[in-house]
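Here's a quick briefing to read alongside the structure. Have the viewer open and follow the residue numbers as you go.

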Amino acid sequence: MDKVNLERYSCDINVGLNKNQLQSRIDDNLINAFDNGKTKTYKQIFKDNIFTLFNLINIVLVCLLVSVGSFKNTLFIFIAVINTIIGVIQEIRAKRLLDNLSVIVSNKVSVIREKEKKEIDVQELVLDDIMILKTGNQICADSKVLNGKLEVNESLVTGESDIIIKNKGDFLYSGSFVVSGEAFVRVENIGKDNYANKIANDAKISKKHNSQLRNSLNAILKIVGIIIIPLGIILFAKQHFGNGDSIATSVVGTVAAVNGMIPEGLTLLTSIALAVGTIKLASHKTLVQELYCVETLARVDTLCLDKTGTITEGKMQVDDIVMLEEVDINEIMGNICNSLKDDNATLNAIRDKYNVLDTYKAKNLIPFSSERKYSGVTFENKGTYLLGAFEFIFKEKNKKLRIEVERYSKKGNRVIVLAHSDSYMEDNNIPEDIKPLAFILILDKIRDEAKETLEFFYNEGVDIKIISGDNPITVSEVARKAGLKTASNFIDATTLKNDSDIYKAVDKYSVFGRVSPQQKKQMILALKKQNHTVAMTGDGVNDVLALKEADCSIAMASGSDVTKNVSNLVLLDSNFASMPKVVMEGRKVINNIQRASSLFLVKTIFSFFLSLLTLFFFSRQYPFVPIQLSLIGAVTVGIPSFFLALEANKSRISGNFLLNILKNALPGALCVTVNVIIVYNIVEYLGYSSSVFSTMCAILTGVCGLLILRQQCLPFNKERLFLIVSMTIAFVIGILFLGGLFSFVALSRELILITMALAILMPIMIKVMLFVLDEILETIVPDLN
């Protein structure tokens with residue numbers, strides 16, 4: 001943007017840009033367009049699925065096979081193409097759904113254009129637009145305050161959590177958010193010129209939460225990618241120059257080894273499982289903004305909930321008024337409601353109770369803040385009226401009334417005190433002559449499904465923490481009515497003076513009242529330091545700092561803009577009852593990916609072991625040809641993994657992902673390796689050909705793969721039983737009726753008996769290896785297992 005020659009519009013705040021000025025900005029492309037980064041572009045989807053290292057290796061392998069005339073062994077490339085097409089289709093399907101849902105929760109901003117107030121998408125803002133900002137808004141473009149006063153938190157862009165007061169003429173940084181107040185502001189920068197965009201959009205979901213699944217898969221692919229090419233080259237050289245095999249034979253053997261080591265369907269399967277999980281969650285009115293948070297939520301052992309809007313409906317109502325002084329409360333409250341611009345559940349409930357009046361002249365407004373827990377107005381010739389938490393307005397004063405507050409709080413009421421001072425108040429200095437006029441008792445209805453939802457998490461071993469800015473006695477009573485078994489275990493967070501106090505408290509207590517936004521963040525960090533996987537729900541600006549630190553953050557669609565921006569999941573119906581479905585879907589995805597990954601790794605591991613044996617010990621070519629591995633891979637890995645990855649699975653997730661899949665895959669891989677060694681020695685001793693060696697190895701490897709598949713299908717149901725039976729039949733058909741296609745040759749009676757004997761011993765061999773592996777893992781890495 002060329003600011004030197006750019007014409008700027010200084011519009012009246014009540015008029016805004018006119019039609020011609022707006023069109024001029026659009027024509028000059030001075031609009032607030034930016035990439036929201038929530039989903040991949042179509043270009044990224046095609047690029048990520050097509051241009052991969054393993055696809056490149058597969059193409060090279062096909063070219064090598066074609067160059068030596070071994071066309072039937074190129075079957076694996078068609079499977080790779082089909083996998084890629086399926087992956088692209090599923091990701092595009094998920095993208096379209098998520099993009100449509102994102103529109104529902106997209107950020108809107110109020111602007112003044114041609115003397116009218118309008119709600120527009122933040123990406124429709126133009127330079128010099130007049131915005132109206134108020135509590136809960138995220139500042140979506142660098143701006144300057146023209147009229148009004150704001151309290152702003154810039155922690156998402158500067159890292160400093162102090163509340164900063166912004167008056168007329170002050171600059172507002174995009175990415176920060178409004179804690180309280182209301183103001184007219186003018187847009188100073190747009191799009192890539194915004195401060196937040198210049199620092200890589202810290203205000204968005206820029207932090208990738210730790211994922212065992214992603215880390216484990218990346219580690220596997222990295223290791224395989226590093227060793228596969230040099231090992232293939234050395235293997236070819238050994239077979240051709242060392243064993244004296246022809247180039248064609250050496251190429252076929254090398255391709256079989258390299259192709260066997262590629263877990264080509266693993267990344268695809270993971271993407272599909274996560275995409276399908278995302279689509280399924282969308283049907284439960286849950287928008288996934290961070291793909292791997294589905295896994296994180298499934299591993300959560302501690303869930304931090306905000307009381308209001310989570311276990312309660314967030315629709316507050318005034319239950320009763322307790323007068324402490326003889327005053328005209330209708331007139332006072334009517335003028336306070338008229339003057340204060342706060343938009344929160346408490347003040348809205350009070351507005352519903354009292355008729356708005358304009359008989360007092362406001363001189364100073366004190367907007368509500370989660371830090372100070374009160375708001376107020378100073379009226380001309382009337383003094384100052386404060387509305388908020390008794391403990392924060394009166395501190396240690398008036399212990400008798402404090403007991404009254406606790407008595408009402410025990411009934412589940414939120415107690416708001418109306419207080420008055422004859423003095424003029426500014427800079428948060430509460431006057432000494434402040435005195436209480438009345439208690440306003442507010443009720444928030446508990447959600448009908450709250451008890452059932454809390455019971456679900458209790459049964460699943462998830463520790464529940466209720467964190468609220470309300471009186472701890474009120475929060476405790478609401479939690480008790482909602483069914484929290486540890487509701488009586490509460491503490492007032494104002495008594496927690498430092499990080500050490502918070503660290504001890506989060507381990508000891510379940511209900512926290514009078515919690516400041518900074519303390520919420522410290523509580524999340526303390527729980528994570530105690531090795532908990534923490535999820536948090538929230539809907540207000542006071543939850544933002546904690547949501548950014550949680551392993552999995554969940555926002556309500558009815559919440560503030562900034563809350564939805566920083567969260568991994570958004571509950572589109574703002575209903576906490578959706579959470580069990582989200583957890584179950586996460587478990588399904590992770591358990592099934594773990595199970596399918598084990599099948600893929602069996603082939604990768606035994607291919608690696610057999611490559612080493614061929615390289616250093618065998619005097620024959622590699623035990624398989626590619627077409628045989630295509631059959632084995634299809635019936636023991638490819639087809640079953642897609643079925644297993646998408647079926648229902650509600651088992652709790654336990655252990656380390658990488659260790660779990662290695663523990664499941666290694667016995668099968670070692671069993672194949674041992675059987676190939678036995679077969680190699682038998683055919684060497686009896687003097688059989690390499691085609692016989694290859695046939696026996698392929699049959700036993702297929703049997704082993706089917707046994708591993710059977711193990712992964714336990715406990716059986718109709719679908720799993722059908723899967724294992726149909727795959728077994730398909731493998732038998734491949735051997736008996738399509739032997740020529742898959743390079744199987746006829747075996748002598750003695751070799752058939754030997755093959756059958758080894759197949760019968762295989763289940764015992766797998767169990768022994770599994771037992772030995774368990775003992776080794778228990779000894780070496782007991783903490784991870």
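Let's start with a residue you could easily skip: Ser 574 counts as buried, because its relative accessibility is 10% and the cut-off for buried is under 20%. Keep in mind that this is a predicted model. Ser 574 sits in the loop between β21 (569-571) and α22, and its phi is near 55°, a positive value in a residue other than glycine.

**Backbone oddities**

- Most residues other than glycine have a negative phi, and most peptide bonds are trans.
- Lys 285 goes against the phi trend too, with a positive value of about 60° although it is not a glycine.
- You'll find Lys 285 in the loop between α9 (264-283) and β8 (286-288).
- Is Lys 285 buried or partly exposed? Its relative accessible area is 47%, so Lys 285 is partly exposed.
- For a cis peptide bond, look at the link between Leu 714 and Pro 715, where omega is about -10°.
- Pro 715 belongs to the loop between α25 (690-713) and α26 (718-736).

**The big picture**

- The protein has 785 residues, and buried ones make up 57% of them.
- It contains 27 helices and 21 strands.
- Along its principal axes, the C-alpha trace spans about 110 × 65 × 40 Å.
- Take the contacts with a separation of 6 or more: 72% of them come from residues 24 or more positions apart.
- The domain assignment gives domain 1 (19-30 + 106-203), domain 2 (216-278 + 590-780), domain 3 (286-311 + 447-572) and domain 4 (322-439).
- The centres of domain 1 and domain 3, taken over C-alpha atoms, are 30 Å apart.

**Nonpolar cores and helix α22**

- The largest nonpolar core has 92 residues, and those touching the most other members are Phe 606, Phe 624, Val 679, Phe 693 and Leu 709.
- Which helix gives the most to this core? That would be α22 (residues 579-616), with 13 residues.
- Phe 693 has plenty of company: leaving aside neighbours within four places in sequence, its contacts are Phe 618, Arg 620, Gln 621, Pro 623, Val 676, Val 679, Tyr 680 and Val 683.
- Another core, of 35 residues, lies apart from the largest one, and its members include Leu 484, Val 511, Leu 571 and Val 583.
- Arg 595 is also part of helix α22.
- With a relative accessibility of 7%, Arg 595 counts as buried.
- Not counting residues up to four places away in sequence, Arg 595 touches Leu 644, Glu 647, Asn 649, Gln 712 and Arg 720.

**Helix α18, a two-sided case**

- The buried residues of α18 (residues 499-508) are Ile 502, Ala 505 and Val 506.
- Why do they end up on the same side of α18? They cover an arc of only 95° around the axis, so they share a side.
- An α-helix has 3.6 residues a turn, so residues three or four places apart point the same way.
- Over on the other side of α18, Lys 504, Asp 507 and Lys 508 are exposed.
- The cover over the buried residues of α18 includes β16 (463-467), β18 (511-513) and α19 (517-529).
- Asn 498 caps the N-terminal end of α18, with a side-chain oxygen 3.1 Å from the backbone nitrogen of Ser 500.

**Strand β13 and its partners**

- Six of the six residues in β13 (residues 383-388) are buried, so call this strand mostly covered.
- β13 pairs with β12 (residues 374-379) in the antiparallel sense, over six bridges.
- Within that pairing, Gly 376 stands opposite Leu 386 of β13.
- Three residues separate β12 and β13, which form a hairpin; in the turn, Asn 381 has a positive phi of about 65°.
- β13 also pairs with β14 (residues 414-421), again in the antiparallel sense, over five bridges.
- Tyr 385 has His 420 as its bridge partner in β14.

**Toward the end of the chain**

- Glu 778 is in helix α27 (residues 749-780).
- Glu 778 counts as partly exposed, since its relative accessibility is 46%.
- From Glu 778 to Ala 256 is 522 residues in sequence and 35 Å in space, C-alpha to C-alpha.

Definitions and conventions: Residues are numbered from 1 along each chain as its sequence is written. This is a predicted model: local features need pLDDT of at least 70, side-chain atom pairs count only at pLDDT 80 or more; totals for chains, interfaces and linings use all residues. Side-chain values use heavy atoms; hydrogens and water are left out. Domain bounds come from an automatic or database domain assignment. A nonpolar core is a set of buried Ala, Val, Leu, Ile, Met, Phe, Trp, Tyr and Cys residues joined through side-chain atoms within 4.5 Å. Buried means under 20% relative accessible area, exposed over 50%, partly exposed in between (1.4 Å probe, protein chains only). Helices (H or I, at least four residues) and strands (E, at least two) are DSSP runs, numbered from the N terminus. Contact means heavy atoms within 4.5 Å. The arc is that of the directions from the helix axis to the C-beta atoms. A polar contact is a pair of N or O atoms within 3.5 Å; within protein, one must be able to donate a hydrogen and the other to accept it, and residues adjacent in sequence count only if both atoms are side-chain atoms. Two strands pair if DSSP finds at least two bridges between them.
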